[in-house]
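Dear colleague,

I am handing over the structure we spoke about, shown just below. My notes on what was found in it follow.

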Amino acid sequence: PRLDYTDSSCPALLLEPQRSNLFNQSEYFGSSYWTKSGASVVSGFTSPEGLSNAYKLVEDTSTGGHQIFRRIVVTATDNYASLYAKPSGRDWIVLYDTYRDQGRYFNISTGVIGGVYRFAPVSEFIEPFQNGYYRIGIGVTSSTIDYQLQVLLADSDGGAVYTGNGTSGVYIYGAQMEAGSYATSYIPTYGAGSVTRVGDGCVKTGISSLIGQTEGTMYVETTLQNIVDNKTLLRMGQSASFSNSHILQVINQKVYAESYVGGANQAEIFTTAFSDGDKVKIGYAYKANDYVLYVNGVQIGTDTSASVPSSVGTLYVGNIAATEQHPVEQVLLFKTRLSNAELATLTTI
């Protein structure tokens, strides 16, 4: 399995939906695949993975923009572009989609998101990585099939047009363009064309002793992404069938908690609509005629006439269906129905 050490020396299991990197040359910035204007690239620098496969984007001495760019064709409405960057004389960099005229400044020395370049993208992020790099990204939404990512050097927040000195620039590595409303982990293409990483799934069977059979609590912490589509967060059941199970999922942008016995719905409690990017902590507690759902410290609803499914011995995370996968940040199971006060404390943001 892939492990994620982000923000911790203790790894977490990394489960992601299927994605494709649409840049055929995700690392080889020296090739003609990437167009340079007011700048050049030099190879042989240390990348986030510790190899000498990063490039330095170097400004020339002209007055204007200093950039590298690539046009590709996209078919999805939501797309996310990302790149690893590290300062080498310039602290500011811009990611810009020329077809939608949307971009953002990033300070890759301090990890600060700067001002808007032209018009604001739908979303953006910056996060630290190994060897002094930051990964930066922008999300855009449009029906336009062309996408041109420009990476521009800047001498300040808002200063993408300036006179270069011929030596300053930034180290760059790992360009990625993927269909989706958020960025997933990097998928290298090595010049082989678009590369697809299949969706991750996690199933553990034979764990009925770890799952409360007559009472219990399910907890999920996640940041909601692309929730226009239905997403399954966590499910406990007898098998792949829903007939005897507890489920936490997102349907029509709302968090749903449901339980089934013999295919009959026993409990169904749900929230009002959330938006992409909302952080949620979900606690769903069950016991015969005593079900409750808490989200972000607030009691959403109860059910006082619901039975509990029996012989529940399988845990499913992120693999119900390819279109329903959703990344989760933490999952907890309790073999007791936590009190309402405990649920409020557990789920408070």
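**Burial and overall make-up**

Of the 349 residues in the protein chain, 50% are buried. Please keep in mind that this is a predicted model. The accessible surface of the chain comes to about 14,600 Å², and carbon and sulfur atoms hold 49% of that area. Along the principal axes, the C-alpha atoms fill a box of roughly 75 × 40 × 35 Å.

The secondary structure consists of one helix and 29 strands. Among contacts in the chain with a separation of 6 or more, 66% are between residues 24 or more positions apart. As for charge, there are 22 positive and 30 negative side chains. The centres of these two sets lie 3 Å apart.

**The six-stranded sheet**

One sheet is open and has six strands, in the order 5-6-17-9-14-13, and its pairing is antiparallel. Strand 5 (39-45) and strand 13 (123-128) are at the edges; each has a single partner strand, so one side of each is left without a neighbour in the sheet. On average, neighbouring strands here are turned by 30° against each other, direction ignored.

Within this order, strands 17 and 9 are adjacent. Strand 9 covers residues 78-88 and strand 17 covers residues 169-179. The two run antiparallel and are joined by nine bridges. To find the register in the viewer, start from Ser-82, which stands opposite Gln-176 in strand 17. In general, strands of a sheet pair through backbone hydrogen bonds, either parallel or antiparallel.

**Strand 21 and its two partners**

How many residues of strand 21 are buried? The strand spans residues 231-237, and seven of its seven residues are buried, so that "mostly covered" is the description that applies.

Strand 21 is bridged to strand 22 and also to strand 28. With strand 22 (residues 245-251) it runs antiparallel, and six bridges join the two. One pair to look at is Gly-237, whose bridge partner in strand 22 is Ser-245. Three bridges join strand 21 to strand 28 (residues 314-317), again in an antiparallel arrangement. Here Met-236 has Leu-315 of strand 28 as its bridge partner. Gly-237 and Met-236 are therefore convenient places to start when tracing strand 21 towards strand 22 and strand 28.

Best regards

Methods. Residues numbered from 1 in each chain as written. Predicted model: local features only at pLDDT ≥ 70, side-chain atom pairs only at ≥ 80, totals over all residues. Heavy atoms only, no water. Pairing = 2+ DSSP bridges. Helix = DSSP H or I, 4+ residues; strand = E, 2+ residues; numbered from the N terminus. Axes fitted to C-alpha atoms, helices over the stretch in contact; angles between N-to-C directions. Buried < 20%, exposed > 50% of the residue type's maximum accessible area, 1.4 Å probe, protein only. Contact = heavy atoms within 4.5 Å. Areas by Shrake-Rupley, 256 points an atom, 1.4 Å probe, with all protein chains shown as cover. Lys, Arg positive; Asp, Glu negative; His and termini not counted. Charge placed at Lys NZ, Arg CZ, Asp CG, Glu CD.
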